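Take a walk through this structure, one piece at a time. Keep the sequence at hand as you read.

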Amino acid sequence: MAKRALFVTFISLLLLLFVSGVLSATFTIINKCGQTVWPGVLSSAGISPLDTTGFVLEKDESKALNVPTSWSGRLWGRTHCTQDSTGKFTCISGDCGSGKLECAGAGAAPPATLAEFTLNGAGGLDFYDVSLVDGYNLPMLVVAEGGTGGNCSTTGCVVDLNGVCPNDLKVLSEDGSHVACKSACGAFGDPQYCCSGAYGNPNTCKPSSYSEFFKNACPRAYSYAYDDGTSTFTCASANYVITFCPSLSTSKKATKNPEAADLPLFNTTMIFLGGEDVSGASSTTRVAHVQFIGGAVAVLSLVGIPPYNLEVLGSKFLGCSITIE
Ligand SMILES: *[C@@H]1O[C@H](CO)[C@@H](O)[C@H](O)[C@H]1NC(C)=O
Ligand SMILES: *[C@@H]1O[C@H](CO)[C@@H](O)[C@H](O)[C@H]1NC(C)=O
């Protein structure tokens with residue numbers, strides 16, 4: 001009798017393992033930033049939370065999350081987090097206001113780069129995107145692995161925009177370093193930028209010079225609310241790798257299916273550099289011209305034959321070293 005009960009338990013466990021193995025996706029979150037990142041996870045309304053809603057990833061660490069088949073929600077990175085003497089946990093960017101490592105149902109305070117997912121949605125497809133609609137705080141890459149159907153394209157915003165963020169959108173920490181870049185909606189609250197009120201539909205809400213700043217740098221990321229056509233990707237039965245501060249060469253290699261998306265992952269004619277530090281570009285870089293836009297943004301245009309090696313200076317703060325091949 002005991003033997004039989006054991007056997008039934010064993011079979012049930014096997015079944016459970018099988019079912020959960022098939023009916024779930026794995027999200028692997030990797031931190032390639034030069035600094036610690038504290039990812040946050042928020043399930044959409046009515047969707048159960050994942051096993052974790054917030055955790056720490058030291059530099060070069062990764063974590064795999066088991067994600068149920070019809071999950072929808074978002075992930076982002078929190079930066080410069082500290083715990084005060086009372087034990088209250090807060091972050092300078094992406095804070096979820098929970099006061100703890102776990103976000104427990106709270107979302108990111110903008111500005112924050114978001115990776116958004118709806119798994120197993122219309123037509124059995126996963127829908128995913130990287131959004132700068134709530135602003136930007138970290139470079140992020142989303143790679144669909146092993147999927148079939150849909151475009152399964154790599155997406156993200158892999159360049160560091162904090163240093164080159166337009167002045168009126170910039171977020172500085174107390175010590176003056178650049179930590180994030182607001183959306184125009186977040187900075188000015190104007191319905192025209194927020195696509196609200198009379199601007200609450202795609203016919204009236206158009207890109208602005210601010211949203212175009214984001215779109216030019218990260219052509220596949222959402223730059224404003226109705227940017228769907230170039231920013232939403234689909235795949236079926238895939239696992240997803242989400243990398244903070246990916247190297248541009250990794251990002252390029254990960255773009256296995258570039259023809260599926262009309263736009264490149266990053267603007268290959270532009271590498272953004274922190275305006276004050278242009279001299280730091282390594283000697284292997286061939287600089288055609290350095291152009292200052294609005295006195296704040298330096299655009300380094302590259303000519304000649306790859307590979308280029310650049311320390312991308314805006315990311316001195318993030319410690320990312322970037323090689324373009
Ligand atoms: C790259 O940036 C330039 C300058 O901002 C812009 O004119 C161009 O359209 C961008 N290319 C893409 C593919 O977004
Ligand atoms: C990806 O495929 C979906 C349909 O499966 C389509 O709606 C979307 O526009 C495509 N995305 C891009 C950027 O081509």
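Does Asn120 count as buried or partly exposed, and why? Asn120 counts as partly exposed, because it has 18 C-beta neighbours inside 10 Å. A residue needs 20 or more to be buried. Asn120 sits in the loop between β6 and β7 (126–131). Its phi is near 55 degrees, a positive value in a residue other than glycine. Bear in mind that this is a predicted model.

Cys245 makes a useful partner to that case. Cys245 also is not a glycine, and its phi is positive, about 55 degrees. The loop that holds Cys245 lies between β13 (239–244) and α6 (248–254). Here the neighbour count is 25 C-beta atoms inside 10 Å, so Cys245 counts as buried.

One more backbone feature belongs with these two. The peptide bond from Pro110 to Pro111 is cis, and its omega is near 0 degrees. Pro111 lies in the loop between β5 (89–93) and β6 (114–118).

Now step back to the whole chain. The protein has 325 residues, and 44% of them count as buried. Its secondary structure comes to 6 helices and 18 strands. Take the contacts between residues at least 6 apart in sequence: 65% of them join residues at least 24 apart.

Next comes one sheet. Strands of a sheet pair through backbone hydrogen bonds, either parallel or antiparallel. This sheet is open and has 5 strands, in the order β3-β1-β13-β8-β9, with mixed pairing. β3 (62–68) and β9 stand at the edges. Each has a single partner strand, so one side of each is left without a neighbour in the sheet. On average, neighbouring strands of this sheet are turned by 15 degrees against each other, direction ignored.

Follow the pairings through the sheet. Strand β1 (residues 24–31) runs parallel to β13, and 5 bridges join the two. Thr28 has Val241 as its bridge partner in β13. On to the next pair: β13 and β8 run antiparallel, joined by 6 bridges. Within that pair, Glu145 of β8 is matched with Asn239 in β13. β8 also pairs with strand β9 (residues 155–157), in the antiparallel sense, over 3 bridges. There, Met140 stands opposite Cys157 in β9.

How many of the 6 residues of strand β8 are buried? The count is 5, so strand β8 (residues 140–145) is mostly covered.

That leads to the interior. In soluble globular proteins, nonpolar side chains tend to be buried together. The largest nonpolar core in this model has 74 residues. Met140, Val142, Cys157, Tyr240 and Ile242 have the most contacts inside it. β8 gives the most to this core, with 5 residues. Met140 and Cys157 therefore appear twice in this account: they stand opposite each other across β8 and β9, and both are among the residues with the most contacts inside the core.

Which residues does Cys157 touch, not counting those up to four places away in sequence? They are Thr113, Val130, Leu132, Tyr136, Pro139, Met140, Cys218 and Ala221. Met140, its opposite number in the strand pairing, is thus one of these contacts. Val130 in that list falls in β7 (126–131).

Technical notes: Residues numbered from 1 in each chain as written. Chains lettered and ligands numbered in written order. Predicted model: local features only at pLDDT ≥ 70, side-chain atom pairs only at ≥ 80, totals over all residues. Helix = DSSP H or I, 4+ residues; strand = E, 2+ residues; numbered from the N terminus. Buried ≥ 20, exposed ≤ 12 C-beta atoms within 10 Å, placed from the backbone. Axes fitted to C-alpha atoms, helices over the stretch in contact; angles between N-to-C directions. Core = buried A, V, L, I, M, F, W, Y, C linked by C-beta atoms within 7 Å. Contact = placed C-beta atoms within 7 Å.
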